[in-house]
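Visitor: I am new to this structure and should like to understand how its terms are applied. Please take me through it step by step.

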Amino acid sequence: MIHSGDLPGLDLPEVDAHSDLGGIGAVELDHPSQDIDADGILDTETFQSDHSMEVWSDLDHDGLADHVKVVDNDGDYAAWEFHHYPDGRSEWVQVDKGKLDK
């Protein structure tokens with residue numbers, strides 16, 4: 001399992017709004033520092049790289065990221081959710097993408 005502490009800026013090759021997150025599996029959030037859903041529980045870690053900003057959130061508070069949003073420096077963005085299936089499979093599924101207008 002990948003831990004957020006192992007991923008400075010996620011330290012994955014070319015993680016951006018066009019990435020396929022299918023191969024990374026579950027990501028454990030070690031040190032959430034923001035409460036993105038305002039429920040009083042820290043649930044989100046944000047990373048900045050040379051080419052993008054990544055926001056990883058654990059909204060069900062199980063220690064694993066279940067949402068990620070990436071905004072590239074050029075305005076491209078994408079969002080994924082981590083899905084767990086009854087047969088034991090899990091994967092990141094892209095749920096949004098686009099380009100921010102100037």
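Guide: We may begin with Asp76, which lies in strand 6. Helices (H or I, at least four residues) and strands (E, at least two) are DSSP runs, counted from the N terminus. The model is a predicted one, in which local features need pLDDT of at least 70 and side-chain atom pairs count only at pLDDT 80 or more, while totals for chains, interfaces and linings use all residues. Residues are numbered from 1 along each chain as its sequence is written, and side-chain values use heavy atoms, with hydrogens and water left out.

Visitor: Why is Asp76 called buried?

Guide: Asp76 has a relative accessible area of 12%. The term buried applies under 20%, exposed over 50%, and partly exposed in between, with a 1.4 Å probe and protein chains only. Asp76 therefore counts as buried.

Visitor: What makes the pairing of Asp76 with Lys99 a polar contact?

Guide: The side chains of Asp76 and Lys99 meet at 3.5 Å. A polar contact needs a pair of N or O atoms within 3.5 Å, where within protein one can donate a hydrogen and the other accept it; residues adjacent in sequence count only if both atoms are side-chain atoms. In addition, leaving aside neighbours within four places in sequence, Asp76 is in contact (heavy atoms within 4.5 Å) with residues including Ala17, His18 and Val70.

Visitor: How do you know that strand 5 and strand 6 are paired?

Guide: Two strands pair if DSSP finds at least two bridges between them. Strand 5 and strand 6 run antiparallel and are joined by 5 bridges, one of them setting Val68 opposite Trp80 in strand 6. These two strands form a hairpin with 3 residues between them, and Gly75 in the turn has a positive phi of about 100°. Strand 5 also pairs with strand 4 in the antiparallel sense, over 6 bridges; there Val55 stands opposite Lys69 in strand 5.

Visitor: Which class of exposure fits Met53 in strand 4?

Guide: Met53 is partly exposed, because its relative accessibility is 33%. Beyond four places in sequence, Met53 touches residues that include Thr46, Phe47 and Lys69. Met53 and Asn73 are 20 residues apart in sequence, with 7.9 Å between their C-alpha atoms.

Visitor: How many aromatic pairs are found in the whole structure?

Guide: The search finds 2. Rings of Phe, Tyr and Trp (its six-membered ring) pair if their centres lie within 6.5 Å; planes under 30 degrees apart are stacked, over 60 edge-to-face, and the rest tilted.

Visitor: Why is the pair of Trp56 and Trp92 called edge-to-face?

Guide: The ring centres of Trp56 and Trp92 are 5.4 Å apart and the planes stand at 90°, so the pair is edge-to-face. Trp56 belongs to strand 4 (residues 52-57) and Trp92 to strand 7 (residues 90-99), so that this pair links parts of the chain 36 residues apart. Trp56 is buried at a relative accessible area of 1%, and Trp92 is buried at 6%.

Visitor: What makes the pair of Phe82 and Trp92 tilted?

Guide: Here the centres are 4.9 Å apart and the angle between the planes is 50°. Phe82 sits in strand 6 (residues 76-84) and Trp92 in strand 7, 10 residues apart. Phe82 and Trp92 are both buried, and ring pairs link Trp56, Phe82 and Trp92 into a cluster.

Visitor: How do you know that Arg89 lies over the ring of Tyr85?

Guide: A charge sits over a ring if NZ of Lys or CZ of Arg is within 6 Å of the ring centre and within 35 degrees of the ring normal. Arg89 lies over the face of Tyr85 at 4.4 Å from the ring centre.

Visitor: Which residues touch the most other members of the largest nonpolar core?

Guide: They are Leu21, Val27, Trp56, Val68, Trp80 and Trp92, out of 16 residues. A nonpolar core is a set of buried Ala, Val, Leu, Ile, Met, Phe, Trp, Tyr and Cys residues joined through side-chain atoms within 4.5 Å. Strand 6 gives the largest share of this core, 3 residues.

Visitor: What is noted about the phi of Ala38?

Guide: Most residues other than glycine have a negative phi. Ala38 is not a glycine, yet its phi is positive, about 55°. Ala38 is placed in the loop between strand 2 (27-28) and strand 3 (44-48), and counts as exposed because its relative accessibility is 67%. His61, also not a glycine, has a positive phi of about 60°. His61 is in the loop between strand 4 and strand 5 (67-72) and is partly exposed at 34%.
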